[in-house]
Amino acid sequence: MTGILEPDDVFAMPGIKHAAPKRGFPEHEIFPQVAYQIVHDELLLDGVARMNLATFCTTWVDDQARRLMNECLDKNIVDKDEYPQTAELEQRCVHMLADLWNSPDAMGTLGTSTTGSSEAAMLGGLAAKFRWRKRGGTGIPNFVCGPVQVCWEKFARYFDVEIRQIPLRGDRYTMNPDDIAAHCDENTIMVVPTFGQTFTGLFEDVEGISKALDELQATTGLDIPIHVDAASGGFLAPFCAPEICWDFRLPRVKSINASGHKTGLAPLGAGWAIWRTAEDLPEELIFNVDYLGGNMPTFNLNFSRPGGQAITQYYDFIRLGRVGYRNVQNAIYTAGQHLAKGLTESGPFELIHDSDPKHGITAVSWKVYGKSKLNLYDLSDRLRTRGWLIAAYPLPADREDVTIMRAVLRHGFTHDMADLLIADLNRSMKVLDKHPLKTSLTREDAGGFTHNANALVSTADLQAKVKAQLDGHAKSSSKKAKPAKSKSGKK
Ligand SMILES: *Cc1c(COP(=O)(O)O)cnc(C)c1O
């Protein structure tokens, strides 16, 4: 100490007068307020979460939810013996969801919280694989689906199950029940309809798919179960379109996954996997762990996980109930319909999904009609200058010829924001009309916008490398399904 006071302004303190370490493990320590300021300020470059209409995930929670998350920062959900009430709240959520989704044994069935739908989907898929094996399945297991979220491509690769994605045809943007039988055989462990499709927001016809499988069983004897990927739809239809029969009311539906952190309104890191009855979850997937004290069954891919998400989900359930969820979700659907109307009035847009609760999730998706020269990648880029993050991407096979744009609307999206967005859309189209780009942007140019543009290794390069390796691997092993392409715009 020299007797001269150390600077107490954070921007004059040691550690902030040169750039933060970026490569190699840092050698020296700095004050926490300096480190905080550096990290906080770097994140100013991130988009504004509530204007990110490409994500499906929660971007607004109330103060009480924030408080609970904060209070539970130190709670590991796996320590069920040490935190018995956290375990209890998780179990209550499981049974509440089984009830919401009409399980014939809501209080007796099994389920678990997860980090999201991806983990829940893997668990549902693994259970189907184990049940198939128990039934005497011996070949290479496969599952049948339409255009799916990337978690199912991961499930297929990570767990060596063949994915049979039925290509789109005609003007139908969801899996067509008529196409299913031709893709099924004795090694089909499940059919996976998506209840709230990633690409368009549309619901797939779970009841129609179930009927098609009934017919398949009547003619061939094959009894193929359904796992519903209800990542978003699972917290929408039960409140806003209860007449849609997509859940455990259909006996063929053996398991369901949903993202608590999407339409479930919980903070990021909450997902659910629920089985129709306890018999539908094979025992082999359940591990009894006794080194935490007590004897606690777990069936997760993770061990340690934060407990706050399941706790806050429980808060959401008792705070809102069916009536509250219906009010919140209907308000979002209505704001979405307002956006849809504004879109058709302002541009050469044809709606694919108009935020109608009978047809899909709280989202609007659209394409450009007719001979309009408007390029949706240009539009997406232009909207970015005002802070709106809205993805543009091609539809999956065999309709890659169609480029679409999708806005996913969530808790906190209002009528007013829809009006602001429409005004910016109009402004953007005017600019593009007046100053058309010499060469329009492409999907590749737009790629940096959902994924880290500033990463040292670009995600696209890395993905290409991994894909090349896997392709080589697949060629050298026996006949394998060609790895499905990963699409952008998936969240
Ligand atoms: C978001 C989503 C997933 C993945 O869920 P996460 O909760 O992000 O892991 C899977 N399927 C569908 C249909 C989705 O929308």
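This is a walk through one protein model, from its overall build to its ligand and then to a few chosen residues.

The model is predicted, so to speak of it with care, local features need pLDDT of at least 70 and side-chain atom pairs count only at pLDDT 80 or more, while totals for chains, interfaces and linings use all residues. Residues are numbered from 1 along each chain as its sequence is written, and side-chain values use heavy atoms, with hydrogens and water left out.

Let us begin with the whole. The protein has twelve helices and 13 strands; helices (H or I, at least four residues) and strands (E, at least two) are DSSP runs, numbered from the N terminus. Of its 491 residues, 51% count as buried, where buried means under 20% relative accessible area, exposed means over 50% and partly exposed lies in between, using a 1.4 Å probe and protein chains only. The accessible surface comes to about 24,300 Å², and carbon and sulfur atoms hold 54% of that. Such areas come from the Shrake-Rupley method with a 1.4 Å probe, and for residues only the protein chains shown count as cover. Among contacts with a separation of 6 or more, 71% are between residues 24 or more positions apart; a contact means heavy atoms within 4.5 Å.

Now find the ligand. There are 14 residues around it, and Ser117, Ser118, Asp229, His261 and Lys262 come nearest; a residue is near a molecule if one of its heavy atoms lies within 4 Å of it. Three side chains place a polar atom by an oxygen atom of the ligand: Ser118 at 2.6 Å, His261 at 2.7 Å and Lys262 at 2.8 Å. On its own the ligand has 380 Å² of accessible area, and the protein covers 92% of this. The shell around the ligand is made up of two nonpolar, nine polar and three charged residues. In that count, Ala, Val, Leu, Ile, Met, Phe, Trp, Tyr, Cys and Pro are nonpolar, Asp, Glu, Lys and Arg are charged, and the others, Gly among them, are polar.

Next, look at some of the strands. Strand E5 (226-229) is covered on both faces, with Ile226 and Val228 on one side, His227 and Asp229 on the other, and all of them buried. In a regular strand the side chains alternate between the two faces of the sheet. E5 pairs with E6 in the parallel sense over four bridges, and His227 has Ser255 in E6 as its bridge partner. Two strands pair if DSSP finds at least two bridges between them.

Strand E6 (residues 253-259) in turn pairs with E7 in the antiparallel sense over five bridges, with Ser259 opposite Gly271 in E7. E7 covers residues 271-275, and five of its five residues are buried. Gly271, Ala273 and Trp275 point one way from E7, while Trp272 and Ile274 point the other way. E7 also pairs with E1, in the antiparallel sense and over four bridges; here Gly111 stands opposite Ile274.

E1 (residues 111-114) is the home of Thr112. Is Thr112 buried or exposed? Thr112 counts as buried because its relative accessibility is 4%. Its side chain makes polar contacts with the side chains of Glu90, at 3.5 Å, and Asn300, at 3.3 Å. A polar contact is a pair of N or O atoms within 3.5 Å; within protein, one must be able to donate a hydrogen and the other to accept it, and residues adjacent in sequence count only if both atoms are side-chain atoms. Beyond four places in sequence, Thr112 touches several residues, including Gly271, Trp272 and Ala273.

After E5 comes a loop that leads to helix H7 (237-240), and Leu236 is found in this loop. Leu236 is buried, because its relative accessible area is 0%. Leaving aside neighbours within four places, Leu236 is in contact with Ala241, Thr263, Gln329, Tyr333, Ile361 and Thr362. Leu236 and Val328 are 92 residues apart in sequence, and their C-alpha atoms are 9.9 Å apart in space.

Our last stop is helix H10 (residues 415-434), where you will find Asp424. Asp424 counts as buried because its relative accessibility is 3%. The side chains of Asp424 and Arg427 are joined by a polar contact of 2.8 Å. Not counting residues up to four places away in sequence, Asp424 touches Leu383, Arg386 and Trp388.
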